[in-house]
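Visitor: I am new here, so please walk me through this one.
Guide: Gladly! Take a look first, and then ask away.

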Amino acid sequence: MKLSYLLSKELSRRMILVHPPEPRKDLLLAPPDDAIYLGRTRYLGTPVFWDPTKLINPHIAIVGITGSGKSYLVKSFLTRASMIWNTNAIILDWVGEYVKWVEQAGGTVIKLGKEKLNLLDLAGVEKTERIKQIISALDILLNLKQYLNERDEIEEALEEIYEKMKKPTLVDVVKHLETKKHKKAARLIKKFTIEGSDFFAGKSTLNIRELTKTGLVCLDLHELPTEEIRSLAGLTILQYIKETMRKTKVGEEKGIKLFVVLDEAWKIAQDETSDVITIVREGRKYNFALIVATQNPTDMHKTIFSNVGTMFILRLVLREFRDYVKNSIGYSEFIDQEMGKFGVGDAAINMIFAERQSRITTFLLNKIDGEEPLFQFKIKGGDMDVEIEREQFIKMLYEIGLNEGQINTLKLEFEKNDGIVEGERLVSILEKFGYSKPSIISFLRQLGIDEKNLIHIFSLVRMRKASKGVVNIVLDKKV
Ligand SMILES: Nc1ncnc2c1ncn2[C@@H]1O[C@H](COP(=O)(O)OP(=O)(O)O)[C@@H](O)[C@H]1O
Ligand SMILES: [Mg+2]
């Protein structure tokens, strides 16, 4: 038994030496001035270049838990793309995490909270087409298909208002519906016209078509008042991008014209009818590419998942998510096991080459080889360290409800220890701030600490409490 086990282990090691689970070198190598460098393969150390001419399409999906390195990968990738091909990029930034980086890189940051985008702008399309697009966006957002009467009334109002006025806005549509006594329909869309939430209801200050040619652009959505408005903005911007794309001359040029980046935009990456899918289906011939990043692979519509030419799988913890990815793209048990050990920046890549000879399409990268991060915090827990960018960590602390003073206390704690804090120390500080054990656990999970190490951290916390108890008793006796 033992002998045969050893033999097979030895055999598999040799198999790897003879046939490492990596694609042929010529598929990965490319002239550095014409492809994007990503890092080196784990076994042969082959430099991996992303070369869209070798792939079935230029679309990219990235999955991995918070802190696994998705945004870092996107940033490194776009930096290189703009150096090599002068590529334009539009980032739909849900939480405002790209703002600083885009500013530093000399790109354009547009804060949508301070702009207007008239939902009724035609932007070069026919009225009937635009009406269809608006209705389809409202379908996704308001579940309009459940209110078929109101849906018809809104559609009719749009038709009539376009006939009546030159440059109508949503406010005119609401008024029109009200005069026609279509109260419920008016109410459904009225929320997009109320002051403070009227991003879509005024004269446009944005020209999306221009923005697709402006280099690196971050559309910061996070100041928009609600998730619904953020999604409608995302969907509308994608519609305009799609129109721009369809008007682009189909060229022979190399490289990519525009990267459209959706980071954590699950709501619009999920829907069959959103233009994310159109860009995936038609982008290739126009040299438009989509990059979608998410922490939950099941949130991504299956058309995206099964059609992207490149998939990055970073650290994934939940068995359910890992199985979903494994079943969707199919790779060996061995690769799956290795994924289980991933740290920050480690990745498996699945590339579908245009030339179908290559049997191996999923392989391991040593680490995404990107630009050096600015400020790193490290949390030590058991046998793992979790690294997180300072800004990102602070953002997460705000999200769980810490106040300014508490955040400063924690920042100091990191800074006085060269950016490193023990997991148990973090836990006791959060406990002092009044956080319950379950909410601390969920926060640590979000940081990427796995179950085994969570148990370890909490047993240390318990031990310390117990030992403190002993000391107290002793002191009490003395007194
Ligand atoms: N390949 C990498 N090499 C070095 N540091 C990395 C790498 N990937 C991510 N990091 C660092 O880890 C932290 C979390 O990465 P981030 O990209 O924000 O994660 P995500 O977007 O998946 O939540 C950041 O501080 C980032 O600088
Ligand atoms: Mg991110």
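Visitor: In what order do the strands of the open sheet of nine strands lie?
Guide: Strands are DSSP runs of E (at least two residues) and helices runs of H or I (at least four), numbered from the N terminus. Two strands pair if DSSP finds at least two bridges between them. Pairing in this open sheet is mixed, and the order is β5-β6-β4-β7-β8-β3-β9-β10-β11.

Visitor: Why is one side of β5 and of β11 left without a neighbour in the sheet?
Guide: β5 (108-111) and β11 (362-365) stand at the edges. One side of each is free of a neighbour in the sheet because each has a single partner strand.

Visitor: What is the average twist from one strand to the next?
Guide: Angles run from 0 to 180 degrees between N-to-C directions, with axes fitted to C-alpha atoms, for helices over the stretch in contact. From one strand to the next, the twist averages 15 degrees.

Visitor: What kind of model am I looking at?
Guide: Residues are numbered from 1 along each chain as its sequence is written, while chains are lettered from A and ligands numbered from 1 in the order in which they are written. Local features need pLDDT of at least 70, side-chain atom pairs count only at pLDDT 80 or more, and totals for chains, interfaces and linings use all residues; this is a predicted model.

Visitor: Which residue in β6 stands opposite Thr108?
Guide: β5 pairs with β6 (residues 216-220) in the parallel sense, over four bridges. Opposite Thr108 in β6 stands Val217.

Visitor: Which residue just after α12 takes a positive phi?
Guide: Helix α12 (residues 275-286) has several buried residues (20 or more other C-beta atoms within 10 Å of their own), including Ile277, Ile279 and Tyr286. These buried residues pack, by contacts (C-beta atoms within 7 Å), against neighbours, among them α10 (227-247), β7 (258-263) and β8 (288-294). Just after the helix, the residue with a positive phi of about 60 degrees is Asn287.

Visitor: Are α6 and α7 roughly parallel or roughly perpendicular to each other?
Guide: The axes of α6 (residues 148-164) and α7 (residues 170-179) come within 9 Å and cross at roughly 115 degrees. Angles under 35 degrees count as roughly parallel, over 145 as roughly antiparallel, 65 to 115 as roughly perpendicular and the rest as oblique. The two helices are therefore roughly perpendicular.

Visitor: How many charged residues does the contact of α6 with α7 have?
Guide: Among the residues making this contact are Glu153 and Leu158 of α6 and Asp172 and His176 of α7. Asp, Glu, Lys and Arg count as charged, Ala, Val, Leu, Ile, Met, Phe, Trp, Tyr, Cys and Pro as nonpolar, and the others, Gly among them, as polar. The contact has five nonpolar residues and one polar, and the number of charged ones is three.

Visitor: Are α7 and α8 roughly parallel or roughly antiparallel?
Guide: The axes of α7 and α8 (residues 183-190) come within 8 Å and cross at roughly 160 degrees. The pair is therefore roughly antiparallel.

Visitor: Which residue in the turn between β12 and β13 has a positive phi?
Guide: Strands β12 (residues 376-381) and β13 (residues 384-389) run antiparallel, joined by six bridges. Phe377 has Ile388 as its bridge partner in β13. The strands form a hairpin with two residues between them, and the one with a positive phi of about 60 degrees is Gly382.

Visitor: What percentage of the protein's residues count as buried?
Guide: The whole protein has 20 helices and 14 strands. Of its 479 residues, the buried share is 41%.

How values were computed: A residue is buried if 20 or more other C-beta atoms lie within 10 Å of its own, exposed if 12 or fewer, and partly exposed in between; C-beta atoms are placed from the backbone. Two residues are in contact if their C-beta atoms, placed from the backbone, lie within 7 Å.
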